[in-house]
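Here is a friendly briefing to read with the structure open beside you. Have the sequence to hand as well, and follow along topic by topic.

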Amino acid sequence: MAMALRCFRHLPSLLYRSLFTTIRGLPQAPAGCPALLLDGCRQCVHQMLLTRQLATKKAKGKGQSQARVNISAALVEDIINLEETNEDMQAVVEALKEDFSRNLSVRTSQGALDHIIVMTKDGKFPLNQLGQISQKSPQLIIVNMTNFPESTAAATKAIRESGMNLNPEVDGTIIRVPIPKVTREHRESLAKLAKQSNNKSKEALRKVRSKSINQVKKFKNKVSEDTIWLLEKQIQQMADSAAAEMDKLLAAKTKELLG
């Protein structure tokens, strides 16, 4: 009994440790404390830390907001890899940023055509791997398909359907791409495409979120409801943060396109 009291005397100091402390990182057993009893303490501290996080939740109401959840990734690594989930969400944001930079510009340049994907009988290829792209004048881009003449029709279709408001003309194995004038209609068309790209990216983000939440729910019979709630909350927060970043990118791009 005295040995047990000596062990539990150390428990309050453990409870005031940061929520980011992993259970494996808790201090070793005090002298004379049985290892089995310490393991019980570890489990108790783990549950109490999670419960403490849950207790920070604020009731929704006028002028109130919910406190953010920030679970240590190491604490739940056996359930889900939160760092990997965050990386997957950020990858969606980066893809949108690259799409805006590469494909949505008021001034069309030859570089904008480089990565247009062309569907051929042998698979998908970037346009710059099939044809030689050059800018003949400020108003005209030329795509020479001499090396892959059989892909000329597919390349023409890919350029037309790229969403860049281009209307290519074919002359044998030469594709002429007139650069549209920068009109108000053209700017508005590009802004509309930017919004469509943002919506597609948000759909991809929702898929990452749903996949992660489904992974967590697989453990609902193995861990507490509080743990499941906290993880779902944190995953949603990560998704909300990524979506907000995407909205900022869209707002900046729309402003740029509309001048």
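**A salt bridge to start with**

E98 and R102 form a salt bridge in which the closest N and O atoms are 2.3 Å apart. Keep in mind that this is a predicted model. The two residues sit four places apart in helix α4, so about one helical turn separates E98 from R102. A search of the whole structure finds seven salt bridges, and two further ones are described below.

**The chain as a whole**

- The protein chain has eight helices and six strands.
- Following the sequence, you will meet them in the pattern α-α-α-α-β-β-α-β-β-α-β-β-α-α.
- Of the chain's 259 residues, 34% count as buried.
- Looking at contacts in the protein chain with a separation of 6 or more, 64% are between residues 24 or more positions apart.

**The nonpolar cores**

- The largest nonpolar core is made of 32 residues, and those with the most contacts inside it are I71, I80, M89, L205, L231 and I235.
- Two or more residues of this core come from each of α4 (82-103), α7 (184-217) and α8 (225-258).
- Helix α8 gives the largest share of this core, 11 residues.
- Another core, of 18 residues, lies apart from this one and includes V118, L130, A158 and L166.
- As general background, nonpolar side chains tend to be buried together in soluble globular proteins.
- For a closer look at the largest core, try L205: leaving aside its neighbours within four places in sequence, L205 is in contact with M89, V92, A239, A242, A243 and M246.

**How α7 and α8 pack**

- In general, two packed helices are described by the angle between their axes and the distance between the axes.
- The axes of α7 and α8 come within 10 Å of each other and cross at roughly 170°.
- An angle over 145 degrees counts as roughly antiparallel, and α7 and α8 are therefore roughly antiparallel to each other.
- Sorted by class, the residues in the contact of α7 with α8 are 16 nonpolar, five polar and 11 charged.

**More on the salt bridges**

- In general terms, side chains of opposite charge can pair when their charged atoms come close.
- Back at the opening pair, E98 counts as partly exposed because its relative accessibility is 40%.
- Its partner R102, at 29% relative accessibility, also counts as partly exposed.
- D247 and K202 meet through their side chains in a salt bridge, at 2.7 Å from N to O.
- Since D247 lies in helix α8 and K202 in helix α7, this pair ties together parts that are 45 residues apart in sequence.
- D247 has a relative accessibility of 35%, so D247 counts as partly exposed.
- A salt bridge also joins the side chains of E203 and R206, with an N to O distance of 2.9 Å.
- Both E203 and R206 belong to helix α7, where they are three residues apart, about one turn of the helix.
- E203 is partly exposed, with a relative accessible area of 36%, and R206 counts as partly exposed at 38% relative accessibility.

**Polar residues in α7: S197 and N198**

- S197 lies in helix α7.
- Is S197 buried or exposed? With a relative accessible area of 17%, S197 is buried.
- Setting aside neighbours within four places in sequence, S197 is in contact with L96, D99 and F100.
- N198 also has its place in helix α7.
- At 2% relative accessibility, N198 counts as buried.
- Which residues does N198 contact, leaving aside its neighbours within four places in sequence? They are L96, M246, D247 and L250.

**The loop after α4: S105**

- S105 is found in the loop between α4 and β1 (117-120).
- Its relative accessible area is 30%, so S105 is partly exposed.
- Not counting residues up to four places away in sequence, S105 touches L190 and L257.
- S105 and A191 are 86 residues apart in sequence, and their C-alpha atoms are 9.7 Å apart in space.

Definitions and conventions
Residues numbered from 1 in each chain as written. Predicted model: local features only at pLDDT ≥ 70, side-chain atom pairs only at ≥ 80, totals over all residues. Heavy atoms only, no water. Core = buried A, V, L, I, M, F, W, Y, C linked by side-chain atoms within 4.5 Å. Buried < 20%, exposed > 50% of the residue type's maximum accessible area, 1.4 Å probe, protein only. Contact = heavy atoms within 4.5 Å. Axes fitted to C-alpha atoms, helices over the stretch in contact; angles between N-to-C directions. Parallel < 35°, antiparallel > 145°, perpendicular 65-115°, else oblique. Nonpolar A, V, L, I, M, F, W, Y, C, P; charged D, E, K, R; others polar. Salt bridge = Lys/Arg side-chain N within 4 Å of Asp/Glu carboxyl O.
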